[in-house]
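Biologist: Hello! Could you show me the chain, so that we can work through it together?

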Amino acid sequence: MTPPPRKSRVASVVDTRAFDLLSLTIAFVLGLHAMHLPWWLGIALALILGWRWWQRRQRTGRVPRWFKLPLLVLLVLAVIAHYGSIFGRAPGVALAVGLLILKLLETESARDVRVGISFACFALMAALLFDQGLIATLVVALGLLPALATLRALEPAQAPATLQRTLLPGLGLLLSALPLALLAFLLVPRLSSPLWGAPSPNEARTGLSESMSPSGFTDLLTDDRPAMRVSFDGAPPPANLRYFRAYVMWNYDGSSWSYADVVNHAPAELKAIGIVGYRISMEPTHQHVLPMLDMPLGAPTGATLRADRVVMADKAVNDPLTYTAQSAIQYRLQPELGVRARNLGLSLPVGFNPRTLALGQQWRQRYGSDDAAIVQAALTLFHDGGFRYTLAPAPLGHDAMDDFLFNTREGFCEHYSSAFTVLMRDAGIPARVVTGYQGGYWSKYGNYLLVRYSDAHAWSEVWLAERGWVRVDPTAAVRPQRVSLGAAAAADGQLPWYESRWLQSLRNHWDIVNRWWGQGVIGFDTLRQHGLLTPFGIRDVDTATLGVLLAISSMLFIAIGLAWALLRRQVGDPLRAALHELERKLARKGIVRRPSEGPQHYLSRAARALPGQRDELATLMRCYLELRYAHDEPPPESLRDFRRTVRDFRVVRVVK
């Protein structure tokens, strides 16, 4: 028995246009994930992608297995060598992107292209595991355009490709799918934990640290990302009172300050004078400390107020956190200082900074028991002593404070607060360093204070008789703009993104959009979904109700879409209008189309009735059927030719 003929392999090979669009889609995915990949892996994958695209244009055919298999093994080994495993978000994405590009090496048929597009869309979605911000989401959505254009290029009998015919239909599909996507976003039941156990999409920033050393703030002061947003019950406090307390550091080892968490001690006595209520939306930090407006009256739910009025959360802040609090912007803190706290506030390591020690003792001898005069002497030194505020200070040696005060005389808040505190202790005044945030940008449109990581700040607290702990910011003596106008003014000419005022304003106003996106989209959790119908009198929506609402809404959406498509096809169909014109010409000669008669049967009957124009009518019938059924949308050139032919058609006579 003769075997059936084998299907021609050449017939299934995709054309150059579809392959180019697939390559463009994969290149978009690689570019989107470039920042998540090791630089050497990104370059290697880009070279493989470019080589395959060039090789495919020279000749068709899959890349041999002896070439693909070693690349596959090298990819897996490279991921394991860099990440230590192939499991997890970062190694999984690196492996997926690499496999996607290797898939291109064996792509030749339409099925291969469809598999590649499906894999590319999955890789696009994986980018949202790293960032779900508005810009990132829009970029991922734009990545669907070349993917849809590739699928459209696989349709048979397509007209020659143009930019408009390639991308605009995909954009139309995306826009038309938005209502259905919105329904799914609102009504699909949400999981109580991330899908597949994936970590939170919000990248946690380290933020403030429990220790502080010279130049340790540099990376933080140049980080322009939002740290928290603060909304107040009433008017916001003045700029010079916007100090957000994080860590209180007592311990100094000659080079760095550190925080010692005292859990079992009661909070220091506080007499509040002016009280402010506020609400903080904080970005994840992987730390326990909760910055509070100086001076906090208590701790929010799930946190504890420690001895130095430092607030610590019971769990590390691994996800965005919102909490409410009250603080006193005018206060008296710990009017009576115990022996242990006094000794701790005066302790200094032995064998460090002899010149600084001598200066402090000199002030004590000069001013006697007038501690306030000693504080003012230190501030006068910073103001009149030729000190300079800079984010790129000279390095300091073993006697760091001596080098800073008597040699380099340049630095930022960390240097000034550290030097001031050491001077105070040398002069016999209890002092400590406090780190947190100061300033921020007040958004009058969003009605909240935007605090960025670059607003990180360090200041000092000194204990004065009958006044208690008093905040002193020595940086303000050198650079007053740092306190009155914020970090942007203090870093003028040193941080590139602050040099353009209109760009700074645009960035701050754009944060309003980011805040809305974070609260309304990323923050749309199970609790908010269950309260979705509260305005309609339904207090809690269960999963079954959500499923019913989703089914009903989807059917309504599909019905509306189908009705619109049919109406558009009836009203705005130029091909049907041309056929109706032909029918009217034939009807005037007695050849009327019957209600149940299709176009092919009708035009065949007309050809029999008009034997002299049989070939002309057969050509019109063939053109109509091809335009109607061989294309998703008829090519504009062929449609114009058909309409012109119908317009020029004249019925000669009718044979009875």
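Biologist: Which residues does Leu102 touch, not counting residues up to four places away in sequence?
Modeller: Welcome, and please keep in mind that this is a predicted model. Leu102 sits in helix H4 (residues 89-104), and its relative accessibility is 11%. Leaving aside residues up to four places away in sequence, the ones touched by Leu102 are Leu71, Leu72 and Leu75.

Biologist: Is Leu102 buried or exposed?
Modeller: Buried means under 20% relative accessible area. Leu102 has 11%, so the word for Leu102 is buried.

Biologist: How far apart in space are Leu102 and Leu69?
Modeller: Along the sequence, 33 residues separate Leu102 from Leu69. Going from C-alpha to C-alpha in space, the distance is 9.5 Å.

Biologist: Let's look at another helix. How far apart are the end C-alpha atoms of helix H2?
Modeller: Helix H2 (residues 39-58) has 20 residues, and at 1.5 Å a residue they should span 28 Å. The model agrees with this expectation, as the end C-alpha atoms of H2 are apart by 29 Å.

Biologist: Within what arc do the buried residues of H2 fall?
Modeller: The buried residues of H2 are Leu41, Gly42, Leu45, Ile48, Leu49, Arg52, Gln55 and Arg56. They line one face of the helix, because, seen down the axis of H2, they fall within an arc of 165°.

Biologist: Which helices are included in what covers the buried residues of H2?
Modeller: On the other side of H2, Trp39, Leu47 and Gln58 are exposed, so we should turn to the face lined by the buried residues. The cover over those buried residues includes helix H1 (16-33), helix H3 (65-83) and H4.

Biologist: Now for the strands. Which strand joins S3 by six bridges?
Modeller: Strand S3 (residues 243-249) is mostly covered, with seven of its seven residues buried. S3 pairs with S7 in the antiparallel sense over two bridges, and one matched pair there is Phe244 with Leu293. The six bridges, also antiparallel, are with a strand in which Val433 is the bridge partner of Met249; that strand is S13 (residues 431-438).

Biologist: Which strands stand at the edges of the open sheet S1-S5-S4?
Modeller: Three strands form this sheet, and their pairing is antiparallel. S1 is joined by two bridges to strand S5 (residues 257-258), where Met212 stands opposite Trp257. An edge strand has a single partner, so one side of it is left without a neighbour in the sheet; that describes strand S1 (211-212) and strand S4 (251-252).

Biologist: What about charged side chains? How many residues apart in sequence are the parts tied together by Asp294 and Arg471?
Modeller: Side chains of opposite charge can pair when their charged atoms come close. Asp294 and Arg471 form a salt bridge, with their closest N and O atoms 3.1 Å apart. Asp294 lies in the loop between strand S7 (292-293) and strand S8 (303-305), while Arg471 lies in strand S17 (residues 468-472), so the separation of the parts they tie together is 177 residues.

Biologist: Which residue of that pair counts as buried?
Modeller: Arg471 has a relative accessible area of 21%, which makes it partly exposed. At 1% relative accessibility, the buried residue is Asp294.

Biologist: Which residues are linked with Asp294 and Arg471 in a network of salt bridges?
Modeller: The pair Asp294 and Arg471 forms a salt bridge, and both residues belong to a wider network. Linked with them in that network are Arg245, Asp308, Arg432 and Glu461.

Biologist: How far apart are the closest N and O atoms of Glu410 and Arg388?
Modeller: Glu410 counts as buried at 15% relative accessibility, whereas Arg388 is partly exposed at 45%. These two residues form a salt bridge, and their closest N and O atoms are apart by 2.6 Å.

Biologist: One last pair: which helix holds both Asp641 and Arg644?
Modeller: Their side chains meet in a salt bridge of 2.9 Å, N to O. Asp641 and Arg644 are three residues apart, so about one helical turn separates them in helix H24 (residues 636-648).

Key: Residues are numbered from 1 along each chain as its sequence is written. This is a predicted model: local features need pLDDT of at least 70, side-chain atom pairs count only at pLDDT 80 or more; totals for chains, interfaces and linings use all residues. Side-chain values use heavy atoms; hydrogens and water are left out. A salt bridge is a side-chain nitrogen of Lys or Arg within 4 Å of a carboxyl oxygen of Asp or Glu. Helices (H or I, at least four residues) and strands (E, at least two) are DSSP runs, numbered from the N terminus. Buried means under 20% relative accessible area, exposed over 50%, partly exposed in between (1.4 Å probe, protein chains only). Contact means heavy atoms within 4.5 Å. Two strands pair if DSSP finds at least two bridges between them. The expected span of a helix is 1.5 Å times one less than its number of residues. The arc is that of the directions from the helix axis to the C-beta atoms.
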